[in-house]
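Here is a short tour to read with the structure open beside you. We will go from the overall fold to the ligand, and then on to the charged pairs and a few local details.

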Amino acid sequence: MAAVLNSVRAFFAPSSFVIDAENPGDVVARENLLDRAMGVERRKKSSEKLRRGRIPADGLALVARDRDGHVIGTVRLWNVEAGVGMDGNAINALLLGPLAVDPEHGGKGVGSALMRAAIMEAKQRGHGAILLVGDAPYYERFGFFAAKAQHLVMPGPFERSRFLALELEEGWLDGVAGILVPTGRMLATAPVRKAA
Ligand SMILES: CC(C)(COP(=O)(O)OP(=O)(O)OC[C@H]1O[C@@H](n2cnc3c(N)ncnc32)[C@H](O)[C@@H]1OP(=O)(O)O)[C@@H](O)C(=O)NCCC(=O)NCCS
């Protein structure tokens, strides 16, 4: 992870921001940023069904920080099963989202740096494909296309033209069909105290 992040720092973020691993101290700043960038309606998205109560995929929760260390961008990826392949075996993949950048820092390459870092890290960790729901004109520049996800379905309402995929390993999604199912580890819940 450190190697990838260092190369991202050097290549994509010469001065004004760095890409870093998200840590527990970032949670409040990240939630506030998401509300500002996407509005509270974000919680009703179908992607949210695949994330709720789960932990992001190992090493795949990244933030962008300004020079003072403040969170100005975020991206997370999640483990899912993306239907079954032609041999009937379940196919593992990642679901990306949300990606968001603080509106005050938009248009400076923060979103692109987060995307490139996430893709590099996912590839280095041996994942085969990344799926997401988003604006094709933005995500096509990173290699995401609707055709690759044409036989897959989100577990809830979604726009087919916005459901996109990137293969990290060529042919990973060939002949793959079905509905996305979350497979990431569950968040630990606090034990419920019983009244005496
Ligand atoms: C989308 C988002 C992450 C982009 O972050 P960013 O740091 O501003 O992006 P970058 O600086 O790396 O890239 C800017 C480029 O992306 C383009 N772009 C930004 N949002 C776009 C969109 N929704 N569709 C198409 N292009 C878009 C800009 O026009 C700009 O193009 P240019 O390079 O030709 O000038 C950010 O605007 C955001 O957080 N939006 C709200 C949350 C959201 O919608 N997230 C999901 C995206 S579908």
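## The chain at a glance

Starting at the N terminus, the elements follow the order α-β-α-α-β-β-β-α-β-α-β-β-β. That makes five helices and eight strands in the chain. Please keep in mind as you look around that this is a predicted model.

The chain has 196 residues, and 43% of them are buried. Several of the residues discussed below carry their own accessibility values, and these help to place them in the fold.

## Around the ligand

Which residues come nearest to the ligand? Of the 18 residues around it, these are Val101, Gly109, Gly111, Ser112 and Asp135. The shell around the ligand is made up of nine nonpolar, six polar and three charged residues. Four elements each supply at least two residues of this shell: helix H2 (27-38), strand E4 (90-101), helix H4 (110-124) and helix H5 (136-139).

Three contacts with ligand oxygen atoms are worth finding on screen. Ser112 places a polar side-chain atom 2.6 Å from an oxygen atom of the ligand. Gly109 uses its backbone instead, with an N or O atom 2.7 Å from a ligand oxygen. Arg141 has a polar side-chain atom 3.2 Å from an oxygen atom of the ligand. As for cover, the ligand taken alone exposes 880 Å², and the protein buries 60% of that.

## Salt bridges and a charged network

Side chains of opposite charge can pair when their charged atoms come close. How many salt bridges does a search of the whole structure find? The search gives 16.

One of them joins Arg76 and Glu22, whose closest N and O atoms are 2.6 Å apart. This pair links distant parts of the chain, 54 residues apart: Arg76 sits in strand E3 (residues 71-84), while Glu22 is in the loop between strand E1 (17-21) and H2. Are these two partners buried or exposed? Arg76 counts as buried because its relative accessibility is 15%, under the 20% cut-off. Glu22 is buried too, because its relative accessible area of 18% is also under 20%.

Two further pairs are easy to pick out. Glu31 and Arg30 meet through their side chains in a salt bridge, at 3.5 Å from N to O. Here Arg30 is buried, with a relative accessible area of 3%, whereas Glu31 is partly exposed at 28%. Asp35 and Arg43 also form a salt bridge, with an N to O distance of 3.7 Å. In this pair Asp35 is partly exposed, with a relative accessible area of 27%, and Arg43 is partly exposed as well, at 39% relative accessibility.

These residues belong to a wider arrangement. A network of salt bridges links Glu22, Arg30, Glu31, Asp35, Arg42, Arg43 and Arg76.

## Gly97, Pro98 and a buried arginine

Now have a look at strand E4, where Pro98 lies. The peptide bond leading from Gly97 to Pro98 is cis, with omega near -10°.

Gly97 has another partner to show you: its backbone oxygen is reached by the side chain of Arg51 at 3.3 Å. Arg51 itself lies in helix H3 (residues 46-51). With a relative accessible area of 8%, Arg51 is buried.

## Ala136 and Ala146

Helix H5, one of the elements that contribute to the ligand shell, contains Ala136. Ala136 counts as buried, at 16% relative accessibility. Its C-alpha atom is separated by 7.9 Å from that of Ala146, and the two residues are 10 apart along the chain.

## A nonpolar patch on the surface

To finish, turn to the outside of the model. Which residues form a nonpolar patch on the surface? They are Val153, Ile179 and Val181, and together they have about 210 Å² of accessible area.

Val153 belongs to strand E6 (residues 152-153). Its relative accessibility is 33%, so Val153 counts as partly exposed. That value also fits the patch, because patch residues need over 30% relative accessible area.

Terms used. Residues are numbered from 1 along each chain as its sequence is written. This is a predicted model: local features need pLDDT of at least 70, side-chain atom pairs count only at pLDDT 80 or more; totals for chains, interfaces and linings use all residues. Side-chain values use heavy atoms; hydrogens and water are left out. A residue is near a molecule or strand if one of its heavy atoms lies within 4 Å of it. A polar contact is a pair of N or O atoms within 3.5 Å; within protein, one must be able to donate a hydrogen and the other to accept it, and residues adjacent in sequence count only if both atoms are side-chain atoms. Accessible areas come from the Shrake-Rupley method with a 1.4 Å probe; for residues, only the protein chains shown count as cover. Ala, Val, Leu, Ile, Met, Phe, Trp, Tyr, Cys and Pro count as nonpolar, Asp, Glu, Lys and Arg as charged, and the others, Gly among them, as polar. Patches are made of residues with over 30% relative accessible area and no salt bridge: like charges are joined within 9 Å, nonpolar side chains (Val, Leu, Ile, Met, Phe, Trp, Tyr) within 5 Å. A salt bridge is a side-chain nitrogen of Lys or Arg within 4 Å of a carboxyl oxygen of Asp or Glu. Buried means under 20% relative accessible area, exposed over 50%, partly exposed in between (1.4 Å probe, protein chains only).
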